[in-house]
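Student: Could you take me on a close look at the ligand site here? I would like to know which residues surround the ligand and what holds the neighbouring loops together.

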Amino acid sequence: MSETERKKVILSGIQPTGVFTLGNFMGPIRNWGPLQDEFDCIYFIADQHAITVRKEPAAFRKQTIESYALLLACGIDPKRSIAFIQSHNPNHAQLSWVLGCVTQFGELSRMTQFKDKAAKHADDINAGLFTYPVLMAADILTYNADVVPIGDDQRQHLELARNIAVRFNQRYGDTFTVPEGYFPKVGARIKSLQDPTKKMSKSDDNPNATVFILDDKDTIMRKFKRAVTDSDSEIRFAEGKDGINNLLTIYSCATGKTIEEAEKEFAGKGYGDFKLAVGETVADYLEPVRTEFARLMEDKTYLKECWTDGAQRAFRLSNKVLSKAYRKIGFVDYR
Ligand code: TYM
């Protein structure tokens, strides 16, 4: 197949900082599986990104393995896609150094996620936290990815990756594909159940704010029953009704119904009934992921085979782009 006929390359990653949230799932991840039917897909566990926040090594290792199993449980087929763990392919970090040299200090200082995380971890504002978006650009550019399916909070990082690619290409000649973001129409920003003005996050201190995709049914029901709504009583998507908007969005993602269809279905019903219905739907929706995760965790040999194969394929593919970038810069060839 010639370069012009090649299938588009899809790439995305997720940090292994704990069980994925409903936000991770309903934003990008539920689309990752179906994209495999049409495109060449590369998905990875971003363990190198995760160490920008200090981790306890044994727990971190366990979380990375569980996250890899979750990735497969969410529908990623390690035969059809390249599914690996970031630190197993050294080319990301190698390219990251090169890209750091075409990235400005000012650009990185403007990243809102850096500002948020620096405020949250004021005792450990390490250089990795600052250069994190450069590594993310390297993750994407080292495979010449065309499309990056992510949630809203990664928009700024993707924009930076695009700018870095364009700048490098201008300076050294055509090397990198300039990637496009792919954001779901519904679900790009699932909100906290306790403060629906904020995104749902893995690291929320309030245990009722975040639904994790391995939560059991009782836990899911409890969290939805306690979801914050508003003093109105109508179930409709509208300005100022962040809690209800979020629940309608979640319901729409889980059922495939449009927001309007969901509004019609619940017209005249009370908030209590609505919250129960959303909880039930989400619990059923996540059930297959929980079951598949439990099955995969019983077979660590299989998991290891998958991530080893994924890393080898990822390494081979990324070598081509990295070598090209090295040549363009003027590094001396040694082979
Ligand atoms: P991470 O691990 O924070 O999140 C993984 C993906 O989930 C999306 N997401 C959400 N989507 C909707 N609603 C939410 N509440 C929500 N919370 C999170 C994120 O936007 C993301 O798509 N830096 C990335 C990981 C990464 C990456 C990459 C992604 C590293 N290298 C290269 C794409 C390409 C991150 O920390 O995502």
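Tutor: Happy to; what follows goes from the shell around the ligand to its polar contacts and then to a salt bridge. Keep in mind that this is a predicted model. Around the ligand there are 28 residues, and Gln 15, Tyr 132, Asp 139, Asp 153 and Ile 190 come nearest. By type, the shell divides into 13 nonpolar, 10 polar and 5 charged residues. Strand 1 (9–14), helix 1 (22–35) and helix 7 (127–141) each supply at least two residues of this shell.

Now for the polar atoms. Asp 153 places a polar side-chain atom 2.4 Å from an oxygen atom of the ligand. A polar side-chain atom of Gln 154 lies 3.3 Å from a ligand nitrogen atom, and a polar backbone atom of Ile 190 is 2.8 Å from a nitrogen atom of the ligand. On its own the ligand has 700 Å² of accessible area, and the protein covers 96% of that.

Let's turn to the salt bridge. The side chains of Arg 189 and Asp 152 meet at 3.7 Å, N to O. This pair links distant parts of the chain, 37 residues apart: Arg 189 sits in the loop between strand 5 (180–182) and helix 9 (217–225), while Asp 152 belongs to the loop between strand 4 (147–149) and helix 8 (155–172). Arg 189 counts as partly exposed because its relative accessibility is 38%, and Asp 152, at 24%, also counts as partly exposed.

Methods: Residues numbered from 1 in each chain as written. Predicted model: local features only at pLDDT ≥ 70, side-chain atom pairs only at ≥ 80, totals over all residues. Heavy atoms only, no water. Near = heavy atom within 4 Å. Polar contact = N/O pair within 3.5 Å; in protein donor to acceptor, adjacent residues only side chain to side chain. Areas by Shrake-Rupley, 256 points an atom, 1.4 Å probe, with all protein chains shown as cover. Helix = DSSP H or I, 4+ residues; strand = E, 2+ residues; numbered from the N terminus. Nonpolar A, V, L, I, M, F, W, Y, C, P; charged D, E, K, R; others polar. Salt bridge = Lys/Arg side-chain N within 4 Å of Asp/Glu carboxyl O. Buried < 20%, exposed > 50% of the residue type's maximum accessible area, 1.4 Å probe, protein only.
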